[in-house]
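Q: Please take a close look at the salt bridges of this protein chain. Which residues form them, and how do they relate to the rest of the structure?

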Amino acid sequence: MSASPDPERFRCSLAALERGDVPVGTAVPARYWMVVAHPGPWPAKPIEAAGIADVAEELSAAMGRFGARLQLIRRHGRLEGELVEADGEPVFLVDVRRGLVGRASWQRPEDLVELAARFDDLPDPTSEPLVLVCTHGRKDVCCAIDGRVVAAVLDDALPGAVWETTHLGGDRFAGNVVLLPEGSQYGRLDGDVAARVVLDHFDGRVDLDRWRGRCSWHPAAQAAVHDVLGSEPDVRLPDIGPPHVEATGDDAWTVRVDAGGRSSLRSVVRTMSQPHRLTCSGGAKVQALYTVTTA
């Protein structure tokens, strides 16, 4: 299927599929996530949402001490503006490096500022997964169209674990999903494959055509691990420790991937594409491309 040249009907995900854009290396770079249930409406930037905007400066400063990323969430099927929790809306503090999720709630905007200081002391920690599906229509049309179908399918397969969320980057790879606290992201999910891809991932099997990478790793490490998983069938993602990345130039790295007591070395080089429209509403931009060879 070809993307329509009509700018009013342009779909970035269809155009990216036609170009053959590769998802790997595009996982959002965030080791800490502040995931806040918010009934909406969701503006383009989560920090500008009603209530949260009242403490935007203080909350940004508190999250900034950890480099945390703010995501707004709501249950699939929940109406915009609908408040459900009488004793406060859920908040999840995610530490990807430790694989833990802290659980709390908020009623006042000031509660969020206080919670944003607790990444070192997570409240009520658990390793139970959070599955976030981007449905952020005000950010990108493809995310709304593709994401809502994916959210519905995953909500049926994993009841209680799935939330709709704000922008996860990589609009052109919609539908986009992040699996927390492990940190893997997937793109190009649809209603036919979403449940299989996510359930397989939890069983240690990675769909390499749709895996965008792990958000706690450098993009070069994401590309190197992708290559190792594709070329060494006995290596599983759960067995891989944090890759060691060493810069060898402005756009080149050597990456050591350790798994099961064995190391693999990869050379990764980054080049930039010609400008393309990477979102439904934005202008043309270049994208990073990663080439991997055995070191």
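A: The following account turns to the salt bridges and then to the nonpolar cores and one helix.

The model is predicted. The average pLDDT of the protein chain is 91, and 93% of the residues score at least 70. Residues 1–5 have a pLDDT below 50, and this stretch has nine contacts in the model beyond near neighbours in sequence.

Side chains of opposite charge can pair when their charged atoms come close. In this structure there are 23 salt bridges. One of them joins Asp207 to Arg196, with an N to O distance of 3.3 Å. Because Asp207 lies in the loop between α5 and β9 (211–214) while Arg196 belongs to helix α5, the pair ties together parts that are 11 residues apart in sequence. Asp207 is buried at 12% relative accessibility, whereas Arg196, at 38%, is partly exposed. Both residues belong to a network of salt bridges that also links Asp200, Asp203, Arg205 and Arg210.

Another salt bridge is that of Arg266 with Asp227, whose closest N and O atoms are 2.6 Å apart. Arg266 is in strand β12 (residues 262–272) and Asp227 in helix α6, so this pair ties together parts that are 39 residues apart in sequence. Arg266 is buried, with a relative accessibility of 4%, and Asp227 is partly exposed, with a relative accessible area of 25%.

A further pair is Arg108 and Asp111, with 2.8 Å between the closest N and O atoms. Here Arg108 is partly exposed at 39% relative accessibility, while Asp111 is buried at 15%.

The helices α5 and α6 also appear in the largest nonpolar core, since each is among the elements that give two or more residues to this core. The core has 34 residues; Leu154, Val177, Leu189, Val225, Ile240 and Val255 touch the most other members. Helix α6 provides the largest share, seven residues. Beyond its neighbours within four places in sequence, Leu154 has contacts that include Val131, Val177, Ala194 and Val198. A second, separate core holds 25 residues, among them Cys12, Ala15, Ala30 and Leu168.

Finally, helix α2 (residues 56–64) has Leu59, Ala62 and Met63 buried. These residues cover an arc of only 95 degrees around the axis and therefore lie on the same side of α2. Glu57 and Gly64 are exposed on the other side of α2. The buried residues of α2 pack against β1 (32–37), β2 (69–74) and α3 (109–115).

Terms used:
Residues numbered from 1 in each chain as written. Predicted model: local features only at pLDDT ≥ 70, side-chain atom pairs only at ≥ 80, totals over all residues. Heavy atoms only, no water. pLDDT = per-residue confidence, 0-100. Contact = heavy atoms within 4.5 Å. Core = buried A, V, L, I, M, F, W, Y, C linked by side-chain atoms within 4.5 Å. Buried < 20%, exposed > 50% of the residue type's maximum accessible area, 1.4 Å probe, protein only. Helix = DSSP H or I, 4+ residues; strand = E, 2+ residues; numbered from the N terminus. Arc of directions from axis to C-beta. Salt bridge = Lys/Arg side-chain N within 4 Å of Asp/Glu carboxyl O.
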